[in-house]
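Good morning, and thank you for coming. Today I shall present one structure, and I ask you to keep it in view as I speak.

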Amino acid sequence: MLETSVPLKKDITHKAITDLHLESDSHILDAGCGIGHQAVALANAIPDGKVTAMDINDVFLQYAQQHVVPKDMDRITFQQGDIYNLQFSEHSFDCIFSMDCLGYSEKDPVALYKNIARICKPHAQIALLFWASQTLLPGYPQLEAQLNATPDGIAPFTDNMPPESHFMNTQASLKKAGFTSIQMYTYTQQITAPLSPEMRTAMLDLFDMRWGNSQKHISRDAWNTFIKLTRDQSPDCILNKPDYNAFFTYVMFTGNIN
């Protein structure tokens with residue numbers, strides 16, 4: 001899914017990084033770097049800087065080094081690590097960047113961001129991107145509403161998480177952690193037919209990622225309709241519509257540490 005989702009998020013990633021107005025010699029931590037595509041985009045934005053790309057999954061890091069990062073790009077350093085146990089010295093980074101990682105947990109977000117603040121240089125920036133919403137099944141609003149109300153649909157938020165842990169309350173959490181000048185940006189990715197083969201594959205994977213385990217949480221009829229609309233082999237696959245349109249949104253919170 002990480003590789004096939006690249007066509008979906010590439011434009012948003014670049015727009016968000018552009019909005020950060022990074023200094024060319026910045027040292028950036030990409031926290032939860034996955035398979036490295038965001039780290040490459042960050043490195044391209046700072047021609048005189050460097051990126052430390054960190055992820056807890058060593059398989060992702062190996063894949064990034066072997067298949068994603070250009071061989072001549074030596075300004076990216078990969079490091080296995082846990083965002084909740086950061087092994088960096090104080091005042092190490094000019095920017096902390098994270099997409100689909102920081103803030104997606106049941107753990108206390110304020111404690112996490114305070115630990116992030118510790119490794120920030122004075123006046124450093126934090127940038128956190130979250131998947132926010134989607135309309136992927138046009139013409140089926142009731143079905144999509146049912147799917148969005150399932151545990152998969154609200155993930156990574158869960159029923160037992162306190163409201164203040166929801167990613168849309170990141171502004172309050174950053175303030176409590178000592179960050180200032182907090183701003184919010186929103187980004188929309190449109191998907192319009194005809195779809196390239198890569199985009200079609202990405203959308204099919206997205207349907208499964210968002211709602212693929214929701215069968216026991218919706219009615220049998222609703223689940224059967226979902227399968228009919230989201231399977232590549234189905235003659236009723238919604239992606240076959242010549243006028244298919246959909247979109248999803250991301251939100252980015254930024255802040256600075258004094």
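**Cavity, helix faces and salt bridges**

The structure holds one cavity of 30 Å³ or more. Please bear in mind throughout that this is a predicted model. How is such an empty space found? Rolling a probe the size of a water molecule over the atoms shows where empty space is left.

The volume of the largest cavity comes to about 30 Å³. Two elements each give two or more residues to its lining, namely α4 (109-118) and α7 (170-176). The lining itself consists of G103, P109, Y113, E164, S165, H166, F167, N169, T170 and S173. Sorted by character, the lining has three nonpolar residues, six polar ones and one charged one.

Let us stay with α4. Which residues of this helix are buried? They are P109, V110, L112, Y113, I116 and A117. Seen down the axis of α4, these residues fall within an arc of 160 degrees, so they line one face of the helix. A general point about helices is useful here. An α-helix has 3.6 residues a turn, so residues three or four places apart point the same way. The buried residues of α4 pack against β4, β5, α7, β6 (179-192) and β7. Two of the residues just named, P109 and Y113, also belong to the lining of the largest cavity.

I turn now to a second helix, α5, which covers residues 141-148. Its buried residues are L143, E144 and L147. They lie on the same side of α5, because the arc they cover around the axis is only 95 degrees. What is found on the other side of α5? There, P141 and Q142 are exposed. The cover over the buried residues of α5 includes β5 (120-135), α6 (151-154), α8 (197-211) and α9 (220-230).

My last topic is charge. Side chains of opposite charge can pair when their charged atoms come close. How many salt bridges does the structure hold? It holds four, and I shall describe three examples.

In one of them, the side chains of D100 and K9 meet, with a distance of 3.0 Å from N to O. This pair links distant parts of the chain: D100 sits in the loop between β4 (93-99) and α4, K9 sits in helix α1 (residues 6-19), and they are 91 residues apart. Is each partner buried or exposed? K9 has a relative accessible area of 17%, so it counts as buried, the limit being under 20%. D100 is partly exposed, at 25% relative accessible area.

Another salt bridge joins K121 and D94, whose closest N and O atoms are 3.4 Å apart. Here too the pair links distant parts of the chain, with K121 in strand β5 and D94 in strand β4, 27 residues apart. Both are partly exposed: the relative accessible area is 27% for K121 and 26% for D94.

The remaining example is the salt bridge of R200 with D232, in which the closest N and O atoms are 2.8 Å apart. R200 belongs to helix α8, whereas D232 lies in the loop between α9 and β7 (245-257); the two are 32 residues apart, and this pair again links distant parts of the chain. D232 counts as partly exposed, with a relative accessibility of 41%.

That concludes my presentation, and I thank you for your attention.

Conventions: Residues are numbered from 1 along each chain as its sequence is written. This is a predicted model: local features need pLDDT of at least 70, side-chain atom pairs count only at pLDDT 80 or more; totals for chains, interfaces and linings use all residues. Side-chain values use heavy atoms; hydrogens and water are left out. On a 1 Å grid over the protein atoms alone, a cavity is a set of points where a 1.4 Å probe fits but cannot get out, and a pocket is an open set with protein on both sides within 12 Å along at least five of seven lines; lining residues have an atom within 4 Å of a point. Grid points are joined across faces, edges and corners, and a volume is the space filled by probe spheres set on the points. Helices (H or I, at least four residues) and strands (E, at least two) are DSSP runs, numbered from the N terminus. Ala, Val, Leu, Ile, Met, Phe, Trp, Tyr, Cys and Pro count as nonpolar, Asp, Glu, Lys and Arg as charged, and the others, Gly among them, as polar. Buried means under 20% relative accessible area, exposed over 50%, partly exposed in between (1.4 Å probe, protein chains only). The arc is that of the directions from the helix axis to the C-beta atoms. Contact means heavy atoms within 4.5 Å.
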